[in-house]
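Visitor: Could you walk me through a few features of this structure, one at a time? I would like to learn how to read them.

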Amino acid sequence: MKVLIVGGGGREHAIALSMKKSSRVDKLYCVPGNAGIAQIAECEPSIGVMEFDKVIAYAKEKAVDLVFVAPDDPLVGGLTDALEAEGFRVFGPRKNAAVLEGSKAFAKDLMKKYNIPTASYETFEDPEKALQYLETAKLPIVLKADGLALGKGVLICDTLEEAKAGVKEIMQDKHFGSAGNKMVIEEFMTGREVSVLAFVDGKTVRPMTSAQDHKRAKDGDQGLNTGGMGNFSPSPFYTEEVDDFCRKHIFQPTVDAMAAEGREFKGVIFFGLMLTPEGPKVLEYNARFGDPEAQVVLCRMKNDIMDVIDACIDGTLDRTELQFEDNAAVCVVLASEGYPVAYEKGFEITGLEHFEGKEDYYCFHAGSKFDSAGRIVTNGGRVLGITAKGENLKAARAKAYEAVEWVSFDNKYMRHDIGKAIDEA
């Protein structure tokens, strides 16, 4: 098979590596890709993920057998539909199903209608009404831009002043662009945050192994929300009892609800969960692999990813059992100093050769490219996802933090407490 991956981050690098291991894949293509993906796939950096016509033309030129649409923007924008209309076999939900991530208000209304446990909430399109509501709301409180905001459109506000400033930032100043035309205000939930990715074929759901993300930019969960500063899998807090509850009350009901709404979901659903004192509740849905969740989950999956992809597209997932290695993985993101606000790009990355031929160590490229001299340089806020596997979480964590020292670039920044919760489990 010839496969085209749409996307250019760490998630796409992890997907590409999984496909590379498949005996069924002869040739990999990626748009736009990055310097890491370019080592295992033919990349076309001039094509952006939202340039649908160019993506389709490239897929035709390369005569690919399958297109894997990985990021949120093109899924929500309808790239799957556009490719299918041209006769391509596509992995990733159609536009009417990707709205599960594309609109937080849609997702909250769906959960309310089908009794899927989540935080109580109100939706606003008028900033004045949102401000009035906050006057009597219980604090702390959570403000969410309705649309896509690169994983950053969520504000946790401890005081009324912070909350009012948040309404201004999201709805009036449009800090997150049109994503803030509508806003969800919801109760602040407490507990452990856990992510579960699941393959879905429209009716059957097959959860993968659990993971736990670190969203804040700085140690001790301080600083701004980011797309994710690191991750570990599995989460020791995601017990069999929690898994049973989620399968029965969250995972299957979500897939059934989407089908009942005429929005059959085929692809990957990311279930962002909060393990509250009252039981697990949904924090958010994503309509694709998380980043850096994909990095710690896919490297532990035993199945041939192409078999699972086929089962999702063909509606035969009920015949597939997912298998994962009995070990653990930890990913530490090496970012550019200043991320997620302002940062410089174009610094040479050195030491990448240390990962060659090493088992259990991975260097997933998130924001890298080749410069005019052919050197690999930084090209984003999140630059690399240094990932390691070990017999348990402590071993994997030690190996990941050993490996972050192998690579260097100016303004290299990371958190030093990824997976620290392991010590408390």
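Guide: Let's begin with strand pairing. Strands of a sheet pair through backbone hydrogen bonds, either parallel or antiparallel. In this predicted model, strand β11 (residues 205–213) and β14 run antiparallel and are joined by two bridges. Within that pairing, aspartate 213 stands opposite asparagine 231 of β14.

Visitor: How many bridges join β14 to β17?

Guide: Four bridges join them, and these two strands run antiparallel. As an example to find on screen, phenylalanine 232 has valine 330 in β17 as its bridge partner.

Visitor: Which way do the residues of β14 point?

Guide: In a regular strand the side chains alternate between the two faces of the sheet. Here Gly230 and Phe232 point one way from β14, while Asn231 and Ser233 point the other way. Are these residues buried or exposed? All of them are buried.

Visitor: What is special about the peptide bond from serine 233 to proline 234?

Guide: Most residues other than glycine have a negative phi, and most peptide bonds are trans. The bond from serine 233 to proline 234, however, is cis, with omega near 0°. Proline 234 sits in the loop between β14 (230–233) and α9 (240–260). Another cis bond leads from tyrosine 339 to proline 340, with omega near 10°. You will find proline 340 in the loop between β17 (328–336) and β18 (361–365).

Visitor: You also mentioned phi. Where is alanine 63 found, and what is its phi?

Guide: Alanine 63 belongs to the loop between α2 (52–61) and β4 (66–69). Its phi is positive, about 50°, although alanine 63 is not a glycine. With a relative accessibility of 44%, alanine 63 counts as partly exposed. Aspartate 221 also has a positive phi, near 55°, and lies in the loop between β12 (216–218) and β13 (222–225). Aspartate 221 counts as partly exposed because its relative accessibility is 45%.

Visitor: Now for a whole sheet. What is the order of the strands in the open sheet of four?

Guide: The order is β6-β9-β7-β8, and the pairing is antiparallel. β6 (121–124) and β8 (154–157) are at the edges with a single partner strand each, so one side of each has no neighbour in the sheet. Ignoring direction, neighbouring strands here are turned by 20° against each other on average.

Visitor: How many bridges join β7 to β9?

Guide: Five bridges link strand β7 (residues 141–145) with strand β9 (residues 183–187), and the two run antiparallel. One pair to look for is isoleucine 141 opposite glutamate 187 of β9.

Visitor: Which helix lies across these strands?

Guide: That is helix α8 (residues 160–172), which lies across β6, β7, β8 and β9 and runs at about 5° to β7.

Visitor: And how do I read two helices together?

Guide: Two packed helices are described by the angle between their axes and the distance between the axes. Take helix α5 (residues 95–102) and helix α6 (residues 104–113): their axes come within 6 Å and cross at roughly 95°. That angle makes α5 roughly perpendicular to α6.

Visitor: Which residues make the contact?

Guide: From α5 they are Val99, Leu100 and Gly102, and from α6 they are Lys104, Phe106, Ala107 and Leu110. Sorted by class, this contact of α5 with α6 has five nonpolar residues, one polar and one charged.

Conventions:
Residues are numbered from 1 along each chain as its sequence is written. This is a predicted model: local features need pLDDT of at least 70, side-chain atom pairs count only at pLDDT 80 or more; totals for chains, interfaces and linings use all residues. Side-chain values use heavy atoms; hydrogens and water are left out. Axes are lines fitted to C-alpha atoms, for helices over the stretch in contact, and angles run from 0 to 180 degrees between N-to-C directions. Angles under 35 degrees count as roughly parallel, over 145 as roughly antiparallel, 65 to 115 as roughly perpendicular and the rest as oblique. Contact means heavy atoms within 4.5 Å. Ala, Val, Leu, Ile, Met, Phe, Trp, Tyr, Cys and Pro count as nonpolar, Asp, Glu, Lys and Arg as charged, and the others, Gly among them, as polar. Two strands pair if DSSP finds at least two bridges between them. Buried means under 20% relative accessible area, exposed over 50%, partly exposed in between (1.4 Å probe, protein chains only).
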